[in-house]
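The exercises below ask the reader to work through side-chain contacts and burial step by step. Please keep the sequence and the model at hand while working through each solution.

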Amino acid sequence: MNYMYTWGININTMHRILLYSILALLIVYFIGSLELMPETYGLNNPLLDIPILLEVYWDYIPWAILALSVLDISFKYKGIKSLRLLLKNNFPDILMTAFLPLLLIFKIVKISYKIYKVMKATKSWAKFAHLYQED
């Protein structure tokens with residue numbers, strides 16, 4: 001039987017819905033990164049003018065992609081019912097889902113490094129101001 005228990009939706013249909021949802025979120029995330037992180041792409045200024053209020057929601061998009069990817073893999077497993085076939089046929093999906101949290105950790109490290117650089121520059125300016133006041 002190829003139907004879910006609670007929704008009554010075909011597993012293949014649910015897979016397509018999840019696939020297009022993940023694709024749409026990836027496109028939105030890419031467009032948002034052009035606005036919020038233009039230096040990542042070698043740009044000096046953002047290409048788009050997206051309201052800053054959307055930045056709060058933009059941080060949740062990778063987590064939504066991760067949740068939908070895990071849900072998609074679980075539906076694929078429910079349809080195949082064999083872990084070996086799931087790994088053989090859907091290895092790229094599983095690999096992407098496994099690496100997504102690691103990439104989010106690198107994003108957190110990048111933000112922390114920027115904060116560290118700002119703190120270090122502030123400390124240097126404070127030392128300079130202190131030396132200037134002594135003279």
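**Exercise 1.** With which residue does Lys76 form a salt bridge, and how far apart are the closest N and O atoms?

*Solution.* The model is a predicted one, and every value below is computed from it. Step one is to identify the partner: Lys76 pairs with Asp93, and their closest N and O atoms lie 2.2 Å apart, which is inside the 4 Å limit that a salt bridge requires. Step two is to place the two residues along the chain: Lys76 belongs to helix H3 and Asp93 to helix H5 (residues 91-134), so that the pair, 17 residues apart, links distant parts of the chain. Step three is to look at exposure: Asp93 is partly exposed, with a relative accessible area of 29%, whereas Lys76 is buried at 12%.

**Exercise 2.** Find the salt bridge that joins Asp72 to Lys76, and work out how the two residues are placed in their helix.

*Solution.* The side chains of Asp72 and Lys76 meet with an N to O distance of 3.5 Å. Both residues sit in helix H3 (residues 61-80), and because they are 4 residues apart there, about one helical turn separates them. Asp72 has a relative accessibility of 4% and therefore counts as buried, since the cut-off for burial is under 20%. The structure holds 2 salt bridges. Through shared partners, salt bridges join Asp72, Lys76 and Asp93 into one network.

**Exercise 3.** Which residues make up the largest nonpolar core, and which helix supplies the largest share of it?

*Solution.* The core has 8 residues in all, namely Ile22, Tyr29, Met37, Trp58, Ile61, Ile65, Leu66 and Leu100. Helix H1 (11-36) and helix H3 each contribute at least two of these residues, and the largest share, 3 residues, comes from H3. As general background, nonpolar side chains in soluble globular proteins tend to be buried together.

**Exercise 4.** Is Ile27 buried or partly exposed, and to which surface patch does Ile27 belong?

*Solution.* Ile27 lies in helix H1, and with a relative accessible area of 45% Ile27 is partly exposed. Together with Tyr20, Leu23, Phe30, Ile31, Tyr41, Leu47 and Leu48, Ile27 forms a nonpolar patch on the surface, whose residues have about 790 Å² of accessible area together.

Note on methods. Residues are numbered from 1 along each chain as its sequence is written. This is a predicted model: local features need pLDDT of at least 70, side-chain atom pairs count only at pLDDT 80 or more; totals for chains, interfaces and linings use all residues. Side-chain values use heavy atoms; hydrogens and water are left out. Buried means under 20% relative accessible area, exposed over 50%, partly exposed in between (1.4 Å probe, protein chains only). A nonpolar core is a set of buried Ala, Val, Leu, Ile, Met, Phe, Trp, Tyr and Cys residues joined through side-chain atoms within 4.5 Å. Patches are made of residues with over 30% relative accessible area and no salt bridge: like charges are joined within 9 Å, nonpolar side chains (Val, Leu, Ile, Met, Phe, Trp, Tyr) within 5 Å. Accessible areas come from the Shrake-Rupley method with a 1.4 Å probe; for residues, only the protein chains shown count as cover.
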